[in-house]
Amino acid sequence: MTGIAIRQATASDAAEIATISRLARAAAMPWLPVLHTPEGDVSFFSRRVLPAQAVDLAVQGGLIRGFIAVKGDWLNHLYIHPGHWRAGLGSALLKRAMSAAPALQLWVFQQNTAARAFYIRHGFAEAEFTDGAGNEERRPDLRMVWTAP
């Protein structure tokens, strides 16, 4: 994880955040339907996520490599550019969020076994399974929870 810095996101980061989200989702979850355009993704992050959530970035060599978005005790987004997976970036972002919260919860698709294993390694527990009726992709998901020791 040489040369990695974590900083707060700004409005000017929205396009890069949207690109990383789109690339990571396509690589990790090719079975997931693509419901939005790239422009819609930028709008979502610039108008809904960045103004309302705490968003931290993992930056290396001046380039954004990943991000995490948290609101209250909800971890809503954690994506790393696929070219930088398994380099400790996700762990660094998650540990930072965990150090600032007494508890966190998140939704993950049940089929995303790599993400589930990642969160379990970091102390999250599987708490609630659903049939996916409550998410826009209509895929079975799972609520995971973590409480500080």
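Is R25 buried, partly exposed or exposed? Select R25 and turn on a surface to see: at 23% relative accessibility, R25 counts as partly exposed. Keep in mind as you go that this is a predicted model.

**Stop 1: R25 and its partner**

With R25 still selected, add E137. The two residues form a salt bridge, and their closest N and O atoms are 2.8 Å apart. This pair joins distant parts of the chain, since R25 belongs to helix α1 while E137 sits in the loop between β6 (125-129) and β7 (141-147), 112 residues apart. Now compare the surroundings of the two ends. E137 has a relative accessibility of 11% and counts as buried, because the cut-off for buried is under 20%. R25, at 23%, counts as partly exposed.

**Stop 2: the neighbouring loop residue**

Stay in the loop between β6 and β7 and pick R138, which lies there too. Its backbone deserves a look: R138 has a positive phi of about 60°, although it is not a glycine. For background, most residues other than glycine have a negative phi. R138 counts as exposed, with a relative accessibility of 52%.

**Stop 3: across the two strands**

Next, select E128 and R143. Their side chains meet in a salt bridge, 2.9 Å from N to O. E128 is in strand β6 and R143 is in strand β7, so this pair ties together parts that are 15 residues apart in sequence. E128 counts as partly exposed, at 32% relative accessibility.

**Stop 4: back to helix α1**

How many salt bridges does a search of the whole structure find? There are six, and one of them awaits at R22. Select R22 together with D41: they form a salt bridge whose closest N and O atoms are 2.9 Å apart. Here too the pair links distant parts of the chain, with R22 in helix α1 (residues 14-28), D41 in helix α2 (residues 38-49), and their positions 19 residues apart. R22 is partly exposed, with a relative accessible area of 26%, whereas D41 is buried, with a relative accessible area of 13%.

**Stop 5: where α1 meets α2**

Show both helices as cartoons and look along the place where they pack. Their axes are 8 Å apart and the angle is about 120°. The two helices are therefore oblique to each other. The crossing of α1 past α2 is right-handed.

To see the contact itself, select these two groups:

- On the α1 side: A14, A15, I17, A18, S21 and R22.
- On the α2 side: P38, D41, V42, F45 and S46.

The residues of this contact divide into seven nonpolar, two polar and two charged.

**Stop 6: S21**

Zoom in on S21, which lies in helix α1. S21 counts as buried, at 6% relative accessibility. Which residues is S21 in contact with, leaving aside its neighbours within four places in sequence? Display F45, F67 and Y79 to see them. F45 also belongs to the α2 side of the helix contact at the previous stop.

**Stop 7: H77**

Move on to H77 in strand β4. H77 is buried, with a relative accessible area of 14%. Not counting residues up to four places away in sequence, H77 touches F44, F45, V49, Q53, F67, I68 and A69. Two names here should look familiar from S21: F45 and F67.

**Stop 8: out to G72**

For a change of scene, select G72, in the loop between β3 (63-71) and β4 (74-80). G72 counts as exposed, at 67% relative accessibility. Draw a distance from its C-alpha atom to that of V108: the two residues are 36 residues apart along the chain, and these atoms are separated by 17 Å.

**Stop 9: R86 and helix α3**

Follow the chain to R86, in the loop between β4 and α3. The phi of R86 is near 60°, a positive value in a residue other than glycine. R86 is exposed, with a relative accessible area of 76%.

Finish by colouring helix α3 (residues 89-99) by burial. Eight of its 11 residues are buried, so α3 is largely enclosed by the rest of the structure. To pick out the buried residues, select L89, G90, S91, A92, L93, L94, A97 and M98.

Conventions
Residues numbered from 1 in each chain as written. Predicted model: local features only at pLDDT ≥ 70, side-chain atom pairs only at ≥ 80, totals over all residues. Heavy atoms only, no water. Salt bridge = Lys/Arg side-chain N within 4 Å of Asp/Glu carboxyl O. Helix = DSSP H or I, 4+ residues; strand = E, 2+ residues; numbered from the N terminus. Buried < 20%, exposed > 50% of the residue type's maximum accessible area, 1.4 Å probe, protein only. Contact = heavy atoms within 4.5 Å. Axes fitted to C-alpha atoms, helices over the stretch in contact; angles between N-to-C directions. Parallel < 35°, antiparallel > 145°, perpendicular 65-115°, else oblique. Left-handed = near helix turned anticlockwise from the far one by under 90°. Nonpolar A, V, L, I, M, F, W, Y, C, P; charged D, E, K, R; others polar.
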